[in-house]
Amino acid sequence: FRGVIAVDGPSGSGKSSVCRAVARRLGLRYLDTGAMYRAVTWAAIDRGLDLDDQPAVAALSRGLTLGISTDPAAPGIAVDGVDVDGPIRTPKISESVSAIATNLDVRADLIARQRAIIADDGGIVAEGRDITTVVAPDADVRLLLTADENARIARRARELHGTADQEALKATHAQIATRDARDSTVVDFLVAADGVVTLDTSALTFEQVVSTVLQIVDE
Ligand code: ADP
Ligand code: CDP
């Protein structure tokens with residue numbers, strides 16, 4: 001298989017981990033489009049911009065050099081040559097990223113860059129919120145990964161706090177629910193578009209999800 005696999009879904013549905021594994025097994029490239037929105041958010045904060053100043057943030061975005069690794073064994077992103085892979089995963093960025101993702105001029109800039117990366121030689125697994133619908137609606141395989149909110153919150157709590165106890169669940173719930181609600185005002189990633197296969201991962205292990213995706217690609 002050397003085509004394009006497009007995957008969307010809400011936070012904690014398993015997009016990044018599953019898509020990386022699928023790309024590695026199939027020898028494809030991997031694109032984390034969320035990292036691009038996070039990188040612009042990091043740069044806007046770093047430059048001291050008002051995140052709600054949409055024209056200023058869009059102008060910044062258009063001027064940034066984003067260096068993105070599409071190697072699923074070593075994903076990473078740099079902004080104007082500065083490695084930001086760690087800094088873009090902090091709670092501060094997760095809290096602020098929706099303000100940038102709802103900026104339609106930033107979206108236009110990043111969507112164009114994503115299409116160019118996808119169009120490069122070799123197949124790719126690209127994941128985000130609008131890949132199956134806007135960025136690559138002609139992809140060979142289009143998937144929506146879902147999981148009920150409790151499952152997604154428990155996964156993120158374990159990832160961020162190393163436990164899914166009451167306190168960790170409470171803190172994570174606030175973050176995930178707020179971000180999903182804001183994000184879904186611009187992109188509908190909760191309902192599958194026509195021709196998109198929905199895979200509910202709530203009751204599946206990570207390995208089960210990966211092998212189901214590989215089966216779907218094989219069909
Ligand atoms: P997303 O990119 O959609 O936000 P991630 O791939 O980052 O989701 O997954 C969130 C967390 O859940 C990660 O720690 C990941 O290892 C874990 N995870 C992914 N899929 C499953 C699954 N099916 N069951 C349990 N945990 C999972
Ligand atoms: O990993 P997680 O699902 O928590 O988030 P992410 O994939 O890193 O995406 C971070 C943020 O970028 C999301 O909350 C959206 O606001 C935005 N995003 C988007 O708008 N469109 C995409 N294709 C990907 C991400």
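Which residue has an N or O atom in its side chain 2.9 Å from an oxygen atom of ligand 1? That would be Arg 156. Keep in mind that this is a predicted model.

## Ligand 1

Let's start with the polar contacts. Besides the one from the Arg 156 side chain at 2.9 Å, there is a pair involving Ser 17, where a side-chain N or O atom sits 2.7 Å from a ligand 1 oxygen. Gly 12 joins in through its backbone: one of its backbone N or O atoms is 2.8 Å from an oxygen atom of ligand 1. On its own, ligand 1 would expose 560 Å², and the protein buries 78% of this.

Three elements each give two or more residues to the shell around ligand 1: α1 (15-26), α7 and α9 (206-218). The shell counts 15 residues, with Gly 12, Lys 15, Ser 16, Ser 17 and Leu 204 the closest. Sorted by class, there are seven polar, four nonpolar and four charged residues around ligand 1.

## Ligand 2

Arg 156 turns up here too: an N or O atom of its side chain is 2.8 Å from an oxygen atom of ligand 2. Arg 107 also puts a polar side-chain atom 2.8 Å from a ligand 2 oxygen, and for the side chain of Ser 11 the figure is 2.7 Å, again to an oxygen atom of ligand 2. How much of ligand 2 does the protein bury? Taken alone the ligand exposes 540 Å², and 98% of that is buried by the protein.

As for who supplies the shell, α2 (33-46), α4 (91-101) and α8 each give two or more residues. The largest share comes from α2, with four residues. There are 15 residues around ligand 2, and the nearest are Ser 11, Arg 38, Arg 107, Arg 179 and Asp 183. Charged residues number eight in this shell, next to four polar and three nonpolar ones.

## Where α7 meets α8

Now for the two helices. Helix α7 spans residues 149-161 and helix α8 spans residues 166-183; their axes come within 9 Å and cross at roughly 120°. The crossing of α7 past α8 is right-handed.

On the α7 side, the residues in contact include Arg 152, Ile 153, Arg 156 and Leu 160. Among their partners in α8 are Leu 169, His 173, Ile 176 and Arg 179. By class, the contact of α7 with α8 brings together nine nonpolar, four polar and five charged residues.

Two arginines from this contact have already come up. Arg 156 makes the 2.9 Å approach to ligand 1 and the 2.8 Å approach to ligand 2, while Arg 179 is listed with the residues nearest to ligand 2.

Key. Residues are numbered from 1 along each chain as its sequence is written. Chains are lettered from A and ligands numbered from 1 in the order in which they are written. This is a predicted model: local features need pLDDT of at least 70, side-chain atom pairs count only at pLDDT 80 or more; totals for chains, interfaces and linings use all residues. Side-chain values use heavy atoms; hydrogens and water are left out. Axes are lines fitted to C-alpha atoms, for helices over the stretch in contact, and angles run from 0 to 180 degrees between N-to-C directions. A crossing is left-handed if the near helix is turned anticlockwise from the far one by less than a right angle, and right-handed if clockwise. Contact means heavy atoms within 4.5 Å. Ala, Val, Leu, Ile, Met, Phe, Trp, Tyr, Cys and Pro count as nonpolar, Asp, Glu, Lys and Arg as charged, and the others, Gly among them, as polar. A residue is near a molecule or strand if one of its heavy atoms lies within 4 Å of it. A polar contact is a pair of N or O atoms within 3.5 Å; within protein, one must be able to donate a hydrogen and the other to accept it, and residues adjacent in sequence count only if both atoms are side-chain atoms. Accessible areas come from the Shrake-Rupley method with a 1.4 Å probe; for residues, only the protein chains shown count as cover.
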